[in-house]
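Work through the exercises below with the model open. Try each task before reading its solution.

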Amino acid sequence: MSKHTPKAHGHKARKRFGQNFLHDQYVIGKIVKAISPKPTDCLVEIGPGMGAITEPLLEASGKLDVVELDRDLIPILRTKFFNYPDFRIHEGDALKFDFSTILEPGQQLRIVGNLPYNISTPLIFHFLSHYAMVQDMHFMLQKEVVERLAATPGSGDYGRLSIMAQYFCKVEPLFIVGPGSFNPPPKVDSAIVRLVPYNELPHPAKDHKTLERVVREAFNMRRKTIRNTLKNLISAELLQEIGIDTGLRPENLTLADYVRIADKVVDLNLAENQNES
Ligand code: SAM
């Protein structure tokens, strides 16, 4: 058996599912303490793997839904947690799973996951667009992704992910986890982040989709000036009118600046539609 394909309980870690299993009890304890699960929580874990975090979560809350793509892991999980009647396994892709089906009336989801790197960003964007059903999220991600989530204007890590995450959530990087805590060890450092959706958005935009579009266009060419990257959406004159320095690069604008731009784009589109009708 090669060093990078360890077998535990007869399961061989699969690279294509991003399987790096946590084995470090100290780190597992720290993660669960940060989550602080309660029996009343509507807790869901994405990618339970062989149950490293699942076990202490279940011990604390007694109730847990998990979504796991690797069908070979399902019998292992069933056996391990057979004595928890409120442990529910959903076999399938978390990117396609309808999380609203596990919501109980009047509750919000607490989402947990040591996420495989290939689905982490699309999954975060998915939950951001459904932020109203989420109480909080605790994710283990590549450290670099956590840096992007938490980045502030002026930094090279600041971009679409930072702006959209910070638009919807308070972003709290918690701690770094080294490769040695996993089996097999990944090539890079990981980190735990807590994302807490705001009850009231600090910078509400008239239309979230327009904000997303403005941010995406702006960062398509992050080395150009904002005047250039947004020229298909809004003129330099209008940008100046709302107080944007058009010579700045996309990474130098704040979330509030992007919201102002997006709101102006909404007004422009409305005016155009009215002229056409
Ligand atoms: N939670 C376990 C741990 O910490 O040891 C496993 C973490 S491992 C990094 C990622 C887990 O996500 C694996 O169990 C993998 O099979 C699962 N997975 C990968 N892609 C998935 C997807 N699209 N939907 C649901 N689970 C997925």
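The exercises deal with the ligand and the pockets of this predicted model.

**Exercise 1. Find which residues surround the ligand, and sort them by class.**

Solution.
- Step 1: Collect the shell. It holds 23 residues.
- Step 2: Pick out the closest. These are L22, G47, E68, D93 and N114.
- Step 3: Sort the shell by class. There are 12 nonpolar residues, seven polar and four charged.

**Exercise 2. Look for N or O atoms of Q19, G49 and E68 beside oxygen atoms of the ligand, and state whether each belongs to the side chain or the backbone.**

Solution. A polar contact needs a pair of N or O atoms within 3.5 Å.
- Step 1: Take Q19. An N or O atom of its side chain is 2.9 Å from a ligand oxygen.
- Step 2: Take G49. Here a backbone N or O atom lies 3.2 Å from an oxygen of the ligand.
- Step 3: Take E68. Its side chain places an N or O atom 2.5 Å from a ligand oxygen.
- Step 4: Turn to the surface. The ligand alone exposes 590 Å², and the protein buries 98% of that.

**Exercise 3. Determine which pocket holds the ligand, and which elements contribute to the shell.**

Solution.
- Step 1: Locate the ligand. The second largest pocket is where it sits.
- Step 2: Assign shell residues to elements. β3 (21-22) and β5 (64-68) are the elements that give two or more residues to the shell.

**Exercise 4. Describe the second largest pocket by volume, lining and class.**

Solution.
- Step 1: Read the volume. The second largest pocket has about 410 Å³ of space.
- Step 2: Go to the lining. It is made of 29 residues, and F17, G47, E68, N114 and P116 lie nearest the pocket centre.
- Step 3: Name the elements. β3, β4 (42-46), β5 and α4 give two or more residues each to this lining.
- Step 4: Sort by class. The lining has 15 nonpolar, nine polar and five charged residues.
- Step 5: Link back to the shell. G47, E68 and N114 are among the residues closest to the ligand, and they also lie nearest the centre of this pocket.

**Exercise 5. Describe the largest pocket in the same way.**

Solution.
- Step 1: Read the volume. The largest pocket has about 620 Å³ of space.
- Step 2: Go to the lining. Of its 25 residues, G18, N20, Y117, P186 and K187 lie nearest the centre.
- Step 3: Name the elements. α4 (117-129) and β8 (134-142) each supply at least two lining residues.
- Step 4: Sort by class. The lining has 12 nonpolar, 10 polar and three charged residues.

Notes: Residues numbered from 1 in each chain as written. Predicted model: local features only at pLDDT ≥ 70, side-chain atom pairs only at ≥ 80, totals over all residues. Heavy atoms only, no water. Near = heavy atom within 4 Å. Polar contact = N/O pair within 3.5 Å; in protein donor to acceptor, adjacent residues only side chain to side chain. Areas by Shrake-Rupley, 256 points an atom, 1.4 Å probe, with all protein chains shown as cover. 1 Å grid on protein atoms, 1.4 Å probe; cavity = no way out; pocket = protein on both sides within 12 Å on 5 of 7 lines; lining within 4 Å. Sits in = over half its atoms within 2 Å of the grid points. Helix = DSSP H or I, 4+ residues; strand = E, 2+ residues; numbered from the N terminus. Nonpolar A, V, L, I, M, F, W, Y, C, P; charged D, E, K, R; others polar. Points joined across faces, edges and corners; volume = space filled by probe spheres on them.
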